[in-house]
Amino acid sequence: MGHDFSWVSQLPFFDALTSLVGGHEHDSTAVCSVLLVVTVLTLFVLVGYGRKSKDLIPEGKVSIKNIGEVIVQTLLGVLEDTIGPEGRRFLPLIGTLAIYILFCNLLGLIPGFSPPTDNINTTASCALTVFFYYHYVGIRRHGWRYVKQFMGPFWPLAPLMFPIEIISHMARPLSLSLRLFGNMTGDHLVLMIFSSLIPLLVPIVALGLGMFVSFIQALVFILLSMMYLSGALSEEH
Amino acid sequence: MENKRELFKQLARHSAIGLEMAISVVIGMALGWWLDKLFNTKPWLGLAGMLFGFAAGFRSLFRLLKEVRDDGGNSPE
């Protein structure tokens with residue numbers, strides 16, 4: 001979803017970025033927004049870790065380090081709730097997805113920016129990562145028996161069950177990416193239409209809705225990823 | 001707080017199934033069409049793919065319900 005004008009294109013190194021990602025002028029704003037989000041998050045992490053205090057006592061005021069700790073604590077809690085005690089192992093993947101998608105969504109609320117997640121390529125790449133990873137985890141855990149799960153409980157029915165299972169597993173990354181993409185596109189369109197019709201005060205409603213949708217969609221994405229992971233880990237039948 | 005988190009989890013889990021069922025049918029049908037083009041058997045494999053898609057959608061629903069049942073936790077017995 002390219003837009004004719006985006007403030008991203010006013011950034012100093014935009015032309016260099018555009019040629020770097022090899023995009024056309026029209027399509028590249030979302031890709032460059034991705035790069036912007038990644039840059040900001042990297043800075044965030046660097047600043048958080050560059051602080052002098054590495055001790056156990058938290059700083060007395062609201063700082064980047066404290067905020068980061070709250071985020072990680074929450075994510076760990078959700079992981080242990082959903083997957084169980086071994087869920088902590090997946091914090092790097094799930095945490096990255098959560099923070100990345102959340103900030104991508106929130107970027108769309110700043111007037112003039114388009115959220116990177118309203119480009120299907122962004123969401124599809126996240127969903128495909130999850131898809132391949134949970135199969136990898138399943139095969140690592142169960143070996144050959146993981147593939148046998150696709151055959152169903154009853155051997156003569158295996159030719160019937162196999163395509164069904166394949167289709168239902170293929171539907172997962174597609175529904176993950178389409179849900180995020182559709183929600184963010186729709187939300188951004190509503191915001192754009194409201195603010196072009198009545199620029200005064202009315203867009204606040206759409207902004208509030210957008211805030212809600214951004215958080216909910218990031219949460220839904222990671223929750224579903226966690227459920228797929230726990231499904232691959234658990235023994236079926 | 002704990003209750004609200006559980007509520008959001010259930011909401012996310014159950015709101016996902018609708019899109020997944022719809023997309024299962026679409027994927028099944030697309031695969032069927034592709035195979036039709038490959039083997040030149042116009043409508044039949046597409047229809048069969050659609051049926052497989054339906055079945056896959058209900059397989060997802062079945063799996064979700066089984067997970068919810070096995071979760072125990074806050075469900076009565």
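Hi everyone, let's begin at a small spot: helix α1(B) gives the most to the lining of the second largest cavity, with three residues. I should say straight away that this is a predicted model, so please keep that in mind throughout.

Who else is around that second largest cavity? Its lining is made of Thr82(A), Leu223(A), Met227(A), Lys9(B), Gln10(B) and Arg13(B). Two elements give two or more residues each to this lining, namely α8 of chain A and α1 of chain B. By class, the lining of the second largest cavity has two nonpolar, two polar and two charged residues. The space inside comes to about 40 Å³.

How many cavities of 30 Å³ or more does the structure hold? There are two. The largest cavity has about 140 Å³ of space. From chain A, its lining includes Arg172(A), Leu224(A), Met227(A) and Tyr228(A). From chain B, the lining includes Arg13(B), Ala16(B), Ile17(B), Glu20(B), Ser60(B), Arg63(B), Leu64(B) and Glu67(B). If you look back, Met227(A) and Arg13(B) line the largest cavity, and Met227(A) and Arg13(B) also line the second largest one.

Which elements each supply at least two residues of the lining of the largest cavity? They are α8 of chain A, covering 203–233, and two helices of chain B: α1, covering 2–39, and α2, covering 42–71. As for classes, this lining counts six nonpolar residues, one polar residue and five charged ones.

Now hold on to one name from that lining, Arg63(B), and let's turn to salt bridges. A bit of background for the newcomers: side chains of opposite charge can pair when their charged atoms come close. Searching the whole structure over all chains gives four salt bridges.

One of them pairs Arg63(B) with Glu165(A), with 3.0 Å between the closest N and O atoms. Why does this pair join two chains? Because Arg63(B) sits in helix α2 of chain B, while Glu165(A) sits in helix α7 of chain A. Are Arg63(B) and Glu165(A) buried or exposed? Both are buried. And there is a third partner here: Arg59(B) is linked with Glu165(A) and Arg63(B) in a network of salt bridges.

Let's move over to chain A. Its 237 residues include 44% that count as buried. Chain A has eight helices and zero strands, so you can picture the path from the N terminus on as α-α-α-α-α-α-α-α.

Another salt bridge in chain A joins Glu86(A) and Arg141(A), whose closest N and O atoms are 2.8 Å apart. This pair links distant parts of the chain, 55 residues apart: Glu86(A) is in the loop between α3 (64–82) and α4 (91–107), and Arg141(A) is in helix α5, residues 120–142. Glu86(A) counts as partly exposed, at 30% relative accessibility, and Arg141(A) is partly exposed too, at 40%.

Glu80(A) and Arg88(A) also meet through their side chains in a salt bridge, at 2.9 Å from N to O. Glu80(A) is partly exposed at 34% relative accessibility, and Arg88(A) is partly exposed at 45%.

Next, the surface. Please find the nonpolar patch formed by Leu189(A), Met192(A), Ile193(A), Leu197(A), Ile198(A), Leu200(A), Leu201(A) and Ile204(A). Together these residues have about 800 Å² of accessible area. Which helix gives the largest share of the patch? Helix α7 of chain A, residues 158–197, does, with four residues.

Leu201(A) deserves a stop of its own. Leu201(A) is in the loop between α7 and α8 of chain A. Why does Leu201(A) count as exposed? Because its relative accessibility is 61%, and the cut-off for exposed is over 50%. Leu201(A) also has a positive phi, about 65°, although it is not a glycine.

Val202(A) is found in the loop between α7 and α8 as well, and at 27% relative accessibility Val202(A) counts as partly exposed. The C-alpha atoms of Val202(A) and Leu191(A) are 9.7 Å apart, with their positions 11 residues apart along the chain.

Finally, back to chain B for Asn40(B). Its phi is near 65°, a positive value in a residue other than glycine. Asn40(B) lies in the loop between α1 and α2 of chain B and is exposed, with a relative accessible area of 72%.

Thanks for listening, everyone!

Notes:
Residues numbered from 1 in each chain as written. Chains lettered and ligands numbered in written order. Predicted model: local features only at pLDDT ≥ 70, side-chain atom pairs only at ≥ 80, totals over all residues. Heavy atoms only, no water. 1 Å grid on protein atoms, 1.4 Å probe; cavity = no way out; pocket = protein on both sides within 12 Å on 5 of 7 lines; lining within 4 Å. Points joined across faces, edges and corners; volume = space filled by probe spheres on them. Nonpolar A, V, L, I, M, F, W, Y, C, P; charged D, E, K, R; others polar. Patch = residues over 30% accessible without salt bridge, like charges linked within 9 Å, V, L, I, M, F, W, Y side chains within 5 Å. Areas by Shrake-Rupley, 256 points an atom, 1.4 Å probe, with all protein chains shown as cover. Buried < 20%, exposed > 50% of the residue type's maximum accessible area, 1.4 Å probe, protein only.
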